[in-house]
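Subject: Structure for you to look at

Hello,

Here is the structure I said I would pass on. Please open it beside this message and read the two together.

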Amino acid sequence: MKGLLFFTGCILLLGNSFAQQPVLPAQKHGFVVIAHRGNHENVPENTTASVEAAYQCGADYAELDLRTTQDGHLVLMHDATVDRTTNGKGAVADYTFAALRQLTIKSTDGKTYRVPTFAEALKAARGKVHIYLDFKEADVAQAWQQIRDAGMEKQVIVYINKKEQYQPWRDIAPQMPLMSSLPDDAHSPAQMEQFLDAYSFAVLDNITDSTLMTVARRRRISVWLDAQSPNEGPDAWNAVLEKKVQGMQSDHPGALVRYLREHRLRDGLKK
């Protein structure tokens with residue numbers, strides 16, 4: 001689970017009325033399935049191939065990680081360094097785009113994959129699968145412009161990792177639905193209410209307590225929980241489903257989609 005660096009003790013309150021909520025991308029199914037780093041069961045994570053695989057397996061979203069090269073290009077990469085996923089070494093931020101593009105992404109299928117640009121990922125997703133953009137390190141105006149250029153304004157939700165990322169998104173793209181984690185120090189309904197009076201989020205990813213769930217439902221905030229783990233399967237999925245949430249992030253999105261269909265849960269939870 002990602003951690004958001006907000007602290008309720010220093011929130012500037014905006015009043016008692018709920019902040020206006022941007023609309024989530026239209027969805028085909030009642031229960032949202034998110035392919036973690038794209039569907040990377042058979043292809044490398046954070047590639048255009050993983051975006052296509054997310055669409056092919058029936059996922060609603062491909063979760064992708066955004067970073068910036070030394071010369072200002074937006075690219076997909078989960079880690080701050082290229083060490084784990086490519087044949088290179090060092091920080092993404094220390095590579096020019098040309099140098100980064102020379103690296104090959106590690107794979108097991110014998111094919112050659114390169115680090116994709118954000119624009120390439122948007123093109124691969126357009127009209128097929130929504131993007132859940134984990135906003136690691138990037139310029140908001142640049143990212144928003146590329147989303148607009150791709151005609152993807154209604155197909156993206158942005159995950160905020162740091163409080164400093166919040167206001168630029170609200171100023172530059174107020175219609176963009178944002179997602180994050182409830183801060184650790186907002187552990188009571190009253191503290192959650194205070195936090196949500198100051199920050200407008202369409203989705204939270206770490207609400208499990210029933211009293212906090214009640215607040216989220218009343219404010220019409222969706223809850224999408226993470227299920228990805230080395231032992232992910234029906235037990236993990238059922239533990240999430242029992243919380244009566246609206247979506248789930250998975251490392252095995254194809255298997256999760258099949259499980260939901262088999263149990264007649266793809267169009268929403270049973271009453």
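Below are some notes on how two helices pack, on the nonpolar cores, and on two buried residues.

This is a predicted model, in which local features need pLDDT of at least 70 and side-chain atom pairs count only at pLDDT 80 or more, while totals for chains, interfaces and linings use all residues. Residues are numbered from 1 along each chain as its sequence is written, and side-chain values use heavy atoms, with hydrogens and water left out.

Start with helix α6 (residues 189-198) and helix α7 (residues 210-218), whose axes are 9 Å apart and which pack at an angle of about 30°. Helices here are DSSP runs of H or I with at least four residues, strands are runs of E with at least two, and both are numbered from the N terminus. Axes are lines fitted to C-alpha atoms, for helices over the stretch in contact, and angles run from 0 to 180 degrees between N-to-C directions.

On the α6 side, Pro189, Met192, Glu193 and Leu196 meet Thr211, Leu212, Val215, Ala216 and Arg218 of α7. Contact means heavy atoms within 4.5 Å. Buried residues in α6 are Met192, Glu193, Phe195, Leu196, Asp197 and Ala198, where buried means under 20% relative accessible area, exposed over 50%, and partly exposed in between (1.4 Å probe, protein chains only). They pack against α5 (163-172), β7 (203-204) and α7.

Met192 also appears in the largest nonpolar core, which has 63 residues; with Phe118, Ile147, Val156, Val158, Trp169 and Met176, Met192 touches the most other members. Helix α3 (residues 118-125) gives this core its largest share, 5 residues. Apart from this core lies another of 13 residues, including Val43, Ala53, Phe97 and Leu103. A nonpolar core is a set of buried Ala, Val, Leu, Ile, Met, Phe, Trp, Tyr and Cys residues joined through side-chain atoms within 4.5 Å.

Now the two single residues. Why does alanine 202 count as buried? Its relative accessibility is 3%. Alanine 202 sits in the loop between α6 and β7. Its C-alpha atom is 6.9 Å from that of leucine 24, although the two are 178 residues apart along the chain. Not counting residues up to four places away in sequence, alanine 202 touches Gln21, Pro22, Leu24, Pro177, Leu178, Ile221 and Ser222.

Serine 222 belongs to strand β8 (residues 222-226) and is buried, with a relative accessible area of 15%.

Regards
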